[in-house]
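User: Could you take a close look at the aromatic side chains here and follow them into the strands that carry them? I'd like the cut-offs along the way, and plain talk is fine.

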Amino acid sequence: MTAHSRGCAPHPQELQQQGRWANLPPELLLDVIQRVEASEVEWPERRHVLACAAVCRSWRNITKEVVRSPEQCGQITFPFSLKQPGPRDHPIQCFIRRERATSTFCLYLALQGQSDKLLLAAHKIRRATSANFVISLNPDDFSRASSTYIGKARSNFLGTKFTVCDGEPPHDAAVSSSNRSNRRIHSRQVSPRVPAGNYNIATISYELNILRTRGPRRMRCTMHSIPVSSVREGGSVAAPSSFIYSVDQRLSGLPVSKGKQPVTGFSSTGLDESNAPVRINGEPLILKNKAPRWHEQLQCWCLNFRGRVTVASVKNFQLVAAADPSRHVSPAEQEKVVLQFGKIGKDIFTMDYQYPLSAFQAFAICLTSFDTKPACE
């Protein structure tokens with residue numbers, strides 16, 4: 001509960017932060033932010049757009065109105081942009097760096113001639129019966145009680161099936177069909193350092209290769225939070241416009257107490273993953289890996305990665321939509337590669353994604369390929 005909701009006066013420092021810049025005429029402020037947003041089109045210069053959002057609440061609200069989603073502009077700006085679909089007509093190019101010593105994986109936005117922009121990080125936790133990839137905004141903090149916690153991917157015993165869970169609802173109207181996870185918990189109800197739960201947004205399955213036949217891994221991704229209608233002409237994907245737990249409120253510039261934050265306790269079942277997926281209208285989108293062709297001269301399976309993959313690896317894949325004729329998905333849409341992943345060097349992999357996947361969803365899918373799968377190869 002905030003000071004306003006209790007009927008108390010706001011903190012003096014908050015008033016000072018708001019009042020110092022909030023008195024600019026809205027028309028002038030809108031023009032200033034539009035000019036900044038239009039001129040800073042790439043990172044690291046795009047940090048100036050975030051600086052505008054950090055001035056005060058009124059600046060932040062206008063900045064969020066001016067900045068378009070990745071689907072519209074092809075740019076990643078705010079942290080919640082990582083959960084919004086990528087552009088429709090071209091992929092966003094990223095790469096993943098694996099640190100074997102620490103079992104961490106970092107996703108970067110590929111930039112030309114500039115310092116690469118860190119987007120997400122994951123830490124692999126190996127347990128007796130499963131492998132867990134915990135995904136965070138901070139490569140030094142993978143606690144599920146942190147405001148930087150994004151979600152996780154959890155495998156079965158054989159590493160052939162993964163459940164991808166989002167720490168927050170994948171869109172504003174999403175509700176988990178699990179009785180244990182269907183409570184909507186808002187940031188005013190609990191500490192923003194505590195995640196609401198796990199929303200099952202995707203299931204990734206790898207086909208068993210019992211006969212040990214030659215060929216790449218075969219995978220199937222059921223995207224529970226994306227309807228198959230999204231890839232039809234005129235289709236769309238519901239996406240969040242902000243974080244419920246306001247991960248990006250660090251940009252607001254408001255003072256933060258240095259004291260210990262109260263942590264609301266949850267039972268162990270309250271945070272356990274459920275097999276019940278998020279409910280959506282219609283059937284979920286299913287992605288499958290694009291079938292490679294056998295190259296007689298090279299004596300290997302090949303895919304056209306358009307120069308983005310240079311090292312042969314069983315981990316390399318391309319994902320396309322798999323829809324039966326009754327779903328009225330055009331052949332062109334079924335041939336479009338929405339995610340490709342491949343090796344370019346020792347512990348360096350490219351990841352290119354586009355609509356209807358988000359960066360978080362694409363990263364989680366790619367992480368599943370790093371787990372050992374002796375039954376699939």
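Analyst: Phe 317 is buried, and Phe 341 is buried too; buried here means under 20% relative accessible area, with exposed over 50% and partly exposed in between, using a 1.4 Å probe and protein chains only. A quick word on ground rules: this is a predicted model, where local features need pLDDT of at least 70 and side-chain atom pairs count only at pLDDT 80 or more, while totals for chains, interfaces and linings use all residues. Residues are numbered from 1 along each chain as its sequence is written, and side-chain values use heavy atoms, with hydrogens and water left out.

On to the rings. A pair of aromatic rings is described by the distance of the centres and the angle of the planes. The structure holds 9 aromatic pairs. For the cut-offs, rings of Phe, Tyr and Trp (its six-membered ring) pair if their centres lie within 6.5 Å; planes under 30 degrees apart count as stacked, over 60 as edge-to-face and the rest as tilted.

One of these pairs is Phe 95 with Tyr 108: the ring centres sit 5.1 Å apart and the planes meet at 15°, so the pair is stacked. Since Phe 95 belongs to strand β1 (residues 92-99) and Tyr 108 to strand β2 (residues 104-109), the pair ties together parts that are 13 residues apart in sequence. Strands and helices are DSSP runs numbered from the N terminus: strands (E) of at least two residues, helices (H or I) of at least four. Phe 95 has a relative accessible area of 11%, so it counts as buried. Tyr 108 is buried as well, at 19%.

Back to Phe 317 and Phe 341: their ring centres are 5.5 Å apart and their planes stand at 35°, so this pair is tilted. It links distant parts of the chain, with Phe 317 in strand β12 (residues 317-321), Phe 341 in strand β13 (residues 339-345), and the two positions 24 residues apart. Both Phe residues also belong to one aromatic cluster, made up of Phe 105, Phe 133, Phe 317, Phe 341, Phe 349 and Phe 370.

Phe 133 from that cluster takes us into β4. There Ala 131, Phe 133 and Ile 135 point one way, Asn 132, Val 134 and Ser 136 point the other way, and all are buried. Put as a count, 6 of the 6 residues of β4 are buried.

What about the polar residue next door? Asn 132 is in β4, which spans residues 131-136, and its relative accessibility is 1%, so it counts as buried. Its side chain makes a polar contact of 3.5 Å with that of Ser 130. For the record, a polar contact is a pair of N or O atoms within 3.5 Å; within protein, one must be able to donate a hydrogen and the other to accept it, and residues adjacent in sequence count only if both atoms are side-chain atoms. Leaving out residues up to four places away in sequence, Asn 132 touches His 123, Lys 124, Ile 125, Arg 127, Lys 152, Ala 153 and Arg 154, where contact means heavy atoms within 4.5 Å.

Now the neighbours of β4. Strand β3 (residues 117-126) is joined to β4 by 6 bridges, and the two run antiparallel; strands pair if DSSP finds at least two bridges between them. His 123 stands opposite Val 134 in β4. With 4 residues between them, β3 and β4 form a hairpin. On β5 (residues 149-155), 5 bridges make the join to β4, again antiparallel, and Phe 133 stands opposite Ala 153 there.

Zooming out, these strands belong to a closed barrel of 12 strands with antiparallel pairing, in the order β1-β2-β3-β4-β5-β6-β7-β8-β9-β12-β13-β14. The twist averages 20° from one strand to the next, with axes being lines fitted to C-alpha atoms (for helices, over the stretch in contact) and angles running from 0 to 180 degrees between N-to-C directions. Elsewhere in the barrel, β7 (residues 199-206) and β8 (residues 219-227) run antiparallel with 5 bridges, and Tyr 206 stands opposite Met 219 in β8.

For the whole chain, the tally is 7 helices and 14 strands, and buried residues make up 47% of its 377 residues.
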